[in-house]
Amino acid sequence: MKPAPAPSHRAPRRPLPHRAAVAGPASFGDHLRNWRQQRHLSQMELADEADISTRHVSFMETGRTNPSRDMVLRLCERLAVPLRERNALLVAAGYAPMYRERALDDPALAAARQAVELVLKGHEPCPAIALDRCWNVVAANHAAQALLAAHVSPELLAPPINVFRLSLHPQGLASRIANLAQWRAHLFERLRQQIQATADPALVALQAELLEYPAPPPSDALVLDGEMLGVVMPFCFDSVHGMLSLISTTTIFGTPVDVTLQELAVESFFPADAFTAQVLREVAAQNAAP
């Protein structure tokens, strides 16, 4: 990873600076070409995937042919285009967007909201948070709220809380992350993969902002205690209770038909050692006391 620019000690910026994002393509052909190239496909390979002729793909990209609605959806499916961007392709081709985007507190998403709340509550006394596509916290269980309140100043917890900013900014949690070099590389790799999958300009802007934060010195430790290469990266946190070691898993909706639900994820943290498990139980008991 290339070294970060000179350290910046600005407070985390909120909300996410969408204005810094690169303007997207205007025509359907531009959209299609960008997604085809994003997936590293030639026109012939996409034609084979969509069971159409290479000439047809070429004509759509150049604007000589206007695709049908079904063709737009077929191409989106073959290119694994996220629902938000499928709407953009439909609009660019002259059709109404197909997938709705609603706030999580919308009555139509009551069942989904209840499912998220059950997952968060069921994970107590371990921390768990629900995140939107830009890694902003939309919900958190009591364990997560207690840990953040004990280690982060209240002004940094004003919504929207972006977990990447909170983790890597020097005024956030960065000074308390014992394995900051490894954790930073882990977060940037996750962000890189998400950008590769979604081409989301908001995430590109977030990545550029995070690269401005000071980078820690490289760590000599190639493998950390509790790390399983390619599977688990522990989050080693110097808390007021002592050194905590946590690992996490991500839960997403399997077959969403709503933009909000497709972009929603629940990050659940688990203790990686007996000491961390004991601390989490004690913190939960203290918060439950009258």
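**Exercise 1.** Determine which residue forms a salt bridge with Arg-165 in this predicted model, and where the two partners lie.

*Solution.*
Step 1. Arg-165 pairs with Glu-209 in a salt bridge, with 2.8 Å between the closest N and O atoms.
Step 2. Arg-165 belongs to helix α8 (residues 163-168) and Glu-209 to helix α10 (residues 201-210); the pair, 44 residues apart, thus links distant parts of the chain.
Step 3. The relative accessible area of Arg-165 is 2%, and that of Glu-209 is 1%. Buried means under 20%, so Arg-165 is buried and Glu-209 is likewise buried.

**Exercise 2.** Identify the salt bridge between Glu-61 and Arg-36, and state whether each partner is buried or exposed.

*Solution.*
Step 1. The closest N and O atoms of Glu-61 and Arg-36 are 2.6 Å apart in their salt bridge.
Step 2. Because Glu-61 is in helix α3 and Arg-36 is in helix α1, this pair ties together parts 25 residues apart in sequence.
Step 3. Both Glu-61 and Arg-36 are buried; for Glu-61 the relative accessibility is 4%.

**Exercise 3.** Describe the salt bridge between Arg-33 and Glu-61, then place these residues in a network.

*Solution.*
Step 1. A salt bridge joins the side chains of Arg-33 and Glu-61, at 3.8 Å from N to O.
Step 2. Arg-33 sits in helix α1 (residues 28-38) and Glu-61 in helix α3 (residues 54-62), so that distant parts of the chain, 28 residues apart, are linked.
Step 3. Arg-33 has a relative accessibility of 24% and therefore counts as partly exposed, whereas Glu-61 counts as buried.
Step 4. Salt bridges link Asp-30, Arg-33, Arg-36 and Glu-61 in a network.
Step 5. The structure as a whole holds 11 salt bridges.

**Exercise 4.** List the buried residues of helix α5, state which helices they pack against, and name the glycine that follows α5.

*Solution.*
Step 1. Helix α5 spans residues 83-92, and its buried residues are Leu-83, Glu-85, Arg-86, Asn-87, Leu-89 and Leu-90.
Step 2. An α-helix has 3.6 residues a turn, so residues three or four places apart point the same way. This spacing is a guide for reading the list in Step 1.
Step 3. The buried residues of α5 pack against α1, α4 (69-78), α9 (180-198) and α11 (259-262).
Step 4. Gly-94 follows α5, and its phi is positive, near 100°.

Conventions: Residues numbered from 1 in each chain as written. Predicted model: local features only at pLDDT ≥ 70, side-chain atom pairs only at ≥ 80, totals over all residues. Heavy atoms only, no water. Salt bridge = Lys/Arg side-chain N within 4 Å of Asp/Glu carboxyl O. Helix = DSSP H or I, 4+ residues; strand = E, 2+ residues; numbered from the N terminus. Buried < 20%, exposed > 50% of the residue type's maximum accessible area, 1.4 Å probe, protein only. Contact = heavy atoms within 4.5 Å.
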